[in-house]
Amino acid sequence: MPEPILLVEQLSKRFGGIVATDQLSLAIPPGELHAIIGPNGAGKTTLIGQLTGELWPNGGRIIFNGDDVTTLPVHRRSALGLARSFQITSLFLDFTALDNVALAVQAHAGHSFRFWKPVRAERALRDPAMAAIERVGLADRANILVSRLSHGEHRQLEIAMALATRPRMLLLDEPMAGMGPEESARMVETLRELKKELTILLIEHDMEAVFALADRISVLVYGRVIACDTPENIRQNAEVRRAYLGEQQVATRHG
Amino acid sequence: MTVLSLRNLVVVVLLAGLLLLPIYAQVAGSPFLLTLFTRIVILAIAATSLNLIMGYGGMVSFGHAVYLGIGSYAVGICAFEGVESGFVQWPLAIAASALFALVIGALSLRTRGVYFIMITLAFAQMAYYVAIGLDRYGGDDGMILEARSRFAGLINLNDKTAFYYLCLALLFATIFLVWRLVNSRFGMVIQGARSNERRMRAIGFPVYRYRLVCFVIAGTICGLAGALLANFTDFVSPAAMHWTRSGDLIIMVVLGGMASPFGPLIGAVALLALEEALSGITEYWQIILGPMLLLIVLFARGGIDGILARLRHA
């Protein structure tokens with residue numbers, strides 16, 4: 001296996017008495033699309049929080065591309081090439097789609113203490129932004145206020161913004177959340193294209209999408225990785241089945 | 001889209017009116033108008049600077065008048081100590097305001113929402129009480145400015161018309177500056193942080209330092225307005241930075257239209273002209289003005305400028 005681009009070692013995070021991340025280790029080689037699945041409350045969002053820097057772990061290390069980023073602030077990790085999309089759509093609603101993505105380009109085009117030149121005339125920002133928007137299929141919606149776009153379009157735009165920061169690696173937090181089957185299919189296509197160039201860590205509930213896209217899958221239960229393998233092997237794994245079966249029984253009892 | 005929408009028409013008429021006002025005041029024989037509008041123009045500069053942080057940046061400062069006070073005290077204290085040159089007084093007013101904004105901003109911008117509002121208010125009130133304690137400079141009575149700032153014969157501030165045009169030129173410069181700022185890379189960061197701060201961090205912006213620079217720019221401009229205000233009233237007192245004055249500035253911005261280049265000017269004209277007109281009718285003019293403001297804030301998001309923009313589509 002080549003040197004991993006993302007290496008997580010013995011990561012731990014506690015909230016009071018609750019252990020949300022329990023001695024978690026993970027190694028993702030460049031070019032891999034690695035999916036993380038797990039029942040609700042398994043600690044997926046807590047893990048993403050620690051990878052992006054919104055949460056600091058109580059123990060362990062996160063190495064990204066050779067740098068120890070464990071305690072680096074959010075914006076510095078982004079600068080190193082670790083981009084994320086949000087589980088709940090998080091855009092600049094009062095900007096146009098193009099302005100949203102151009103801002104993401106700007107974030108990685110030197111400092112922004114430039115006070116005078118009209119930003120919307122800067123080809124160096126607009127062109128790459130437009131390119132990212134085209135890649136997710138929103139070219140004809142570029143100049144529309146984001147608050148007027150549909151949910152599916154928001155999700156596509158999320159990806160475009162992550163792309164526009166020219167990342168080495170994408171962290172996608174449930175990109176298909178709340179999508180209809182048609183929109184999901186379109187997103188799977190987009191991700192399949194991106195997968196050719198980028199390392200992707202995908203957290204997703206849509207199992208069909210996960211098994212269609214992932215090179216390897218890690219299964220997270222109670223903050224620990226109980227299995228990490230190819231989709232075929234995960235499908236056969238008895239422990240994984242038990243974890244999911246367990247969740248279903250709980251759900252039935254409550255529902 | 002027509003170039004001369006109703007909204008643009010109103011702005012053009014307003015600007016032309018402001019330019020021609022001294023002539024009208026002369027012809028109509030009402031020098032009082034010139035005084036009223038000099039005051040409006042100075043406060044419009046302050047409101048425009050507040051709009052930069054509040055309207056575009058989402059930083060609701062409830063202590064913005066503190067820079068009016070610092071600017072005027074810089075001029076007042078200089079004059080009292082025998083330094084009458086505007087070339088010293090005004091840069092000092094600007095520098096003192098910038099420094100103060102840097103300190104207030106560095107601390108208050110670590111908080112959000114109501115806490116930010118309360119901390120900016122607290123700093124302004126602190127400065128207010130410090131000014132009251134300055135016995136050498138008149139304490140809570142304030143002090144009379146013996147002479148207006150001197151500019152070595154370049155411009156005579158005692159000439160009311162010249163002074164008015166100086167204020168007006170500075171107002172136009174401020175509006176132009178803010179307009180350029182908000183459409184620059186810097187402006188996008190400021191507005192992005194208002195819209196979605198968490199996302200700004202995620203895509204790689206260290207939001208705090210941009211906000212702080214924005215906060216200092218706004219405070220600096222308002223400090224200049226303070227220097228003008230001292231020269232206009234020939235008087236310096238703690239009242240210039242009382243929290244009610246900060247409230248007036250917020251009302252001007254909200255009334256005229258937040259995040260609109262000419263909104264604060266429209267708001268300043270509307271508020272002060274209404275105050276003037278209504279106080280001519282009744283002693284209890286606030287009873288009329290209050291509900292009017294409430295209605296505009298409740299039913300016209302985007303203030304007067306927002307109404308004008310919508311009328312174009314109607």
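Partly exposed means a relative accessible area between the 20% that bounds buried and the 50% that bounds exposed. The exercises below use a predicted model.

**Exercise 1. Classify the two partners of the salt bridge between B:Glu197 and B:Arg201, and place them in their helix.**

Step 1. Take the contact. The side chains of B:Glu197 and B:Arg201 form a salt bridge, with N to O at 2.4 Å.

Step 2. Take the spacing. Both residues belong to helix 8 of chain B, four residues apart, so about one helical turn separates them.

Step 3. Recall the geometry. An α-helix has 3.6 residues a turn, so residues three or four places apart point the same way.

Step 4. Apply the cut-offs. B:Arg201 has 31% relative accessibility, so it is partly exposed. B:Glu197 has a relative accessible area of 16%, so it is buried.

Step 5. Look at another set of salt bridges. A:Glu54, A:Arg84, A:Asp173 and B:Arg198 are joined into one network through shared partners.

**Exercise 2. Contrast two salt bridges of chain A: which links distant parts of the chain, and which lies within helix 4?**

Step 1. Start with A:Arg126 and A:Asp99. Their side chains meet in a salt bridge at 2.9 Å, N to O.

Step 2. Locate the partners. A:Arg126 is in helix 4 (residues 123-135) and A:Asp99 in helix 3 (residues 97-106) of chain A. They are 27 residues apart, and the pair links distant parts of the chain.

Step 3. Check burial. Both A:Arg126 and A:Asp99 are buried.

Step 4. Turn to A:Asp127 and A:Arg123. The closest N and O atoms of this salt bridge are 3.1 Å apart. Both residues lie in helix 4 of chain A, four residues apart, or about one turn.

Step 5. Check exposure. A:Asp127 is partly exposed at 37% relative accessibility. A:Arg123 has a relative accessible area of 59%, so it is exposed.

Step 6. Set the pairs in context. Over all chains, the count is 23 salt bridges.

**Exercise 3. Describe the interface of chain B and chain A: how many residues does each chain give, and which helix of chain B gives the largest share?**

Step 1. Count residues. Chain A contributes 35 residues to the contact and chain B contributes 28 residues.

Step 2. Take the area. About 2900 Å² is buried between the chains, with 60% of it from carbon and sulfur atoms. On the side of chain B, B:Arg185, B:Met188 and B:Arg199 lose the most area to chain A, together 31% of what that side buries.

Step 3. Count polar links. There are 22 residue pairs in polar contact across the interface, both residues at pLDDT 80 or more. The salt bridges between the two chains number four. One salt bridge joins the side chains of B:Arg194 and A:Asp94 at 3.2 Å, N to O.

Step 4. Assign elements. Helix 6 (160-182), helix 7 (185-195), helix 8 (197-202) and helix 9 (207-233) of chain B each give two or more residues to the side touching chain A. Helix 7 of chain B gives the largest share, eight residues.

Step 5. Sort by type. The side of chain B that touches chain A holds 14 nonpolar, seven polar and seven charged residues.

**Exercise 4. Test helix 3 and helix 5 of chain B against the span expected at 1.5 Å a residue.**

Step 1. Helix 3 (residues 65-80) of chain B has 16 residues and should span 22 Å. Its end C-alpha atoms are 22 Å apart, so the values agree.

Step 2. Ask about cover. In helix 3 of chain B, 14 of the 16 residues are buried. Just after this helix, B:Gly82 has a positive phi of about 95 degrees.

Step 3. Helix 5 (residues 113-132) of chain B has 20 residues. Its reach from first to last C-alpha is 29 Å, close to the expected 28 Å.

Step 4. Find the packing. The buried residues of helix 5 of chain B include B:Phe116, B:Phe123 and B:Tyr128. The buried residues of this helix pack against helix 3, helix 4 (86-108), helix 9 and helix 10 (243-256) of chain B.

**Exercise 5. Is B:His64 buried or exposed, and where does it sit?**

Step 1. B:His64 is in the loop between helix 2 (31-56) and helix 3 of chain B.

Step 2. B:His64 has a relative accessible area of 0%, so it is buried.

Step 3. Beyond its neighbours within four places in sequence, the contacts of B:His64 include B:Ala46, B:Ile53, B:Cys222 and B:Leu249.

Technical notes
Residues numbered from 1 in each chain as written. Chains lettered and ligands numbered in written order. Predicted model: local features only at pLDDT ≥ 70, side-chain atom pairs only at ≥ 80, totals over all residues. Heavy atoms only, no water. Contact = heavy atoms within 4.5 Å. Buried area = accessible area lost by both parts, 1.4 Å probe. Polar contact = N/O pair within 3.5 Å; in protein donor to acceptor, adjacent residues only side chain to side chain. Nonpolar A, V, L, I, M, F, W, Y, C, P; charged D, E, K, R; others polar. Buried < 20%, exposed > 50% of the residue type's maximum accessible area, 1.4 Å probe, protein only. Expected span 1.5 Å × (residues − 1).
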